[in-house]
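The following questions and answers concern one protein chain. Please examine the sequence and the structure as you read.

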Amino acid sequence: MSKKKNAPEKNEDFLAKEAKEEAAQAPAYTQDIPEDEIWTYRIEGLQEPRIGRPVKNVRQKKVAVVIILLIAIGLAIYLSMRAVHTDTFQYALLEDGTVELVKFSNPGSVTTLTIDTTDDDAHQPITALHEFAFNCDEKITEITIGKTVTAIEATSFYSCWALQNIKVDKDNPAFCDVDGVLYTKDMTRVICYPIDHDKYLREKCGYTDLKDDEGKPMEELWGPTKTYDEAFFEKYNADVRTYVLPSTVTVIGATAFNYANLTDLYLPEGLEEIETFAFFKSTSLRSIYTYTPAAAKNDAAPAAKDLQGTYRSLPDGLQTIGSDAFTGDQALSYLFIPASVTSIGHHAFWDTCYKADGALKGITEIHTELGQEAFEAQVHTGDQWRPQNTAGLFPKNIPVEYAAARAE
């Protein structure tokens with residue numbers, strides 16, 4: 001009996017090959033769906049698809065889409081810029097419906113600014129500047145006070161390092177300026193001598209091409225160099241770093257001359273008060289003189305060279321010296337306190353004595369017109385009103401020469 005042979009088993013590769021050959025031999029299949037039946041399962045609210053049909057006004061619709069996109073982008077940019085602009089100015093509404101400028105935050109590019117109305121669509125009048133409104137701004141060089149501003153805090157312009165001038169609208173009823181220095185309208189109080197005012201004066205007086213010893217441009221001059229002799233510096237200081245207060249001034253306001261780059265200061269007899277921080281860190285201030293109003297040819301802007309009968313001292317008639325009034329003014333070397341003074345605030349002359357090159361410098365002794373008994377009975381002094389000698393192991397107050405004669 002012969003045995004029947006079994007058929008060989010097909011492996012997976014062989015089956016895959018057969019399926020591929022069968023698929024290649026099968027007729028092509030297409031689904032022919034009528035156009036009107038494509039949207040069989042239609043979703044309510046959606047338009048029927050436009051298959052094979054032209055779209056009307058396609059160009060106009062594309063233009064409309066572009067316009068809408070441009071408007072949307074422009075609106076977004078406007079709102080973004082508006083947000084930044086709003087953040088630049090912070091206001092407070094006052095009871096009378098006017099506005100106080102509380103804070104100005106420089107976006108980085110503002111160098112000149114006029115303060116009159118708010119920057120929004122309402123354009124409400126600004127009538128007041130808050131304390132530290134421009135604190136530590138490093139960009140603004142000139143500020144113009146509009147005619148509506150009638151209240152300015154003493155510290156509104158504190159530490160505005162680049163500020164050269166403060167201008168005031170001639171119709172302002174409360175304030176005015178004298179060549180960029182801010183005063184009350186009646187010229188009895190000086191409010192702000194801008195920190196960088198000397199830069200403006202350098203340009204005004206023709207000191208624009210100063211060079212250092214290596215021929216490089218030099219903006220600040222702090223002492224004689226090989227390039228410039230002592231005579232040049234004396235003229236430069238007289239032109240740029242000397243200031244004469246108008247003869248009408250009775251009060252030097254708080255922080256009025258803080259960080260001012262002055263060497264010589266002329267005060268009028270009739271000055272009654274030097275407020276707190278008035279000359280704080282005016283580190284180049286070396287001499288204080290007093291003149292009588294009769295010696296001033298121009299009450300608003302007297303010139304030092306025209307003054308007669310000046311003396312080296314705080315003015316006769318001065319009553320109050322505020323706290324920290326002269327703190328850090330290490331270029332001062334002489335101080336005479338007249339008999340009219342009745343109050344000296346704490347730390348009034350702090351840090352005006354120091355040690356350099358093995359010797360004490362600055363204010364090493366205070367001179368008073370009153371004798372010790374009269375001085376102690378009449379003058380109210382705050383804590384540590386006089387500077388200290390820190391050269392020794394233990395700091396000690398510098399001495400006072402009572403009943404002293406005023407220096408020539």
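Q: In strand 15, which residue is the bridge partner of P268?
A: This is a predicted model. Strand 13 covers residues 264–268 and is joined to strand 15 by 5 bridges, the two strands running parallel. In strand 15, P268 has as its bridge partner Y291.

Q: Which strands stand at the edges of the open sheet of 3 strands, and why is one side of each left without a neighbour?
A: The sheet is open and has the order 11-13-15, with parallel pairing. Each edge strand has a single partner strand, so one side of it has no neighbour in the sheet. The edge strands are strand 11 (242–244) and strand 15 (287–291).

Q: What is the average twist from one strand to the next in this sheet?
A: The 3 strands of this open sheet follow the order 11-13-15. From one strand to the next, the twist averages 15°.

Q: In strand 9, which residue is the bridge partner of D177?
A: Strand 8 comprises residues 175–178, and 4 bridges join it to strand 9 in an antiparallel arrangement. The bridge partner of D177 in strand 9 is L182.

Q: Which residue takes a positive phi in the hairpin of strand 8 and strand 9?
A: The two strands of this hairpin run antiparallel. There are 2 residues between them. The residue with a positive phi, near 50°, is D179.

Q: Where is F277 placed, and what is its relative accessible area?
A: F277 is a residue other than glycine with a positive phi, near 60°. Its place is in the loop between strand 14 (273–274) and strand 15. F277 is partly exposed, since partly exposed lies between 20% and 50% and its relative accessible area is 29%.

Q: What is the relative accessibility of K281?
A: K281 is placed in the loop between strand 14 and strand 15. Its phi is positive, near 60°, in a residue other than glycine. K281 counts as partly exposed, with a relative accessibility of 30%.

Q: Is D198 buried or exposed?
A: D198 forms a salt bridge with R202, the closest N and O atoms being 2.9 Å apart. The two residues are 4 residues apart in helix 3 and are therefore separated by about one helical turn. Buried means under 20% relative accessible area; at 2% relative accessibility, D198 counts as buried.

Q: Against which elements do the buried residues of helix 3 pack?
A: Helix 3 spans residues 197–205, and H197, D198, Y200, L201 and R202 are buried in it. R202 counts as buried at 5% relative accessibility. The buried residues of the helix pack against strand 7 (165–168), strand 9 (181–184) and helix 4 (230–240).

Q: Which residue follows helix 3?
A: Helix 3 runs over residues 197–205. The residue that follows has a positive phi, near 90°, and is G206.

Q: How many residues apart are R189 and E275?
A: The side chains of R189 and E275 meet in a salt bridge, at 3.1 Å from N to O. The pair links distant parts of the chain, with R189 in strand 10 (residues 189–192) and E275 in the loop between strand 14 and strand 15, and the separation is 86 residues.

Q: Is K170 buried or exposed?
A: K170 and D171 meet through their side chains in a salt bridge of 3.6 Å, N to O. D171 counts as partly exposed at 46% relative accessibility. With a relative accessible area of 69%, K170 is exposed.

Q: What distance separates the C-alpha atoms of L129 and F157?
A: L129 is found in strand 4 (residues 126–129) and is buried, with a relative accessible area of 1%. Leaving aside neighbours within four places in sequence, L129 is in contact with several residues, including F157. The two residues are 28 residues apart along the chain, and their C-alpha atoms are separated by 9.4 Å.

Q: Which residues make the nonpolar surface patch of about 270 Å²?
A: I67 lies in helix 2 (residues 58–88). I67 is partly exposed, with a relative accessible area of 45%. The patch is made by V63, I67 and I71.

How values were computed. Residues numbered from 1 in each chain as written. Predicted model: local features only at pLDDT ≥ 70, side-chain atom pairs only at ≥ 80, totals over all residues. Heavy atoms only, no water. Patch = residues over 30% accessible without salt bridge, like charges linked within 9 Å, V, L, I, M, F, W, Y side chains within 5 Å. Areas by Shrake-Rupley, 256 points an atom, 1.4 Å probe, with all protein chains shown as cover. Salt bridge = Lys/Arg side-chain N within 4 Å of Asp/Glu carboxyl O. Buried < 20%, exposed > 50% of the residue type's maximum accessible area, 1.4 Å probe, protein only. Pairing = 2+ DSSP bridges. Axes fitted to C-alpha atoms, helices over the stretch in contact; angles between N-to-C directions. Contact = heavy atoms within 4.5 Å.
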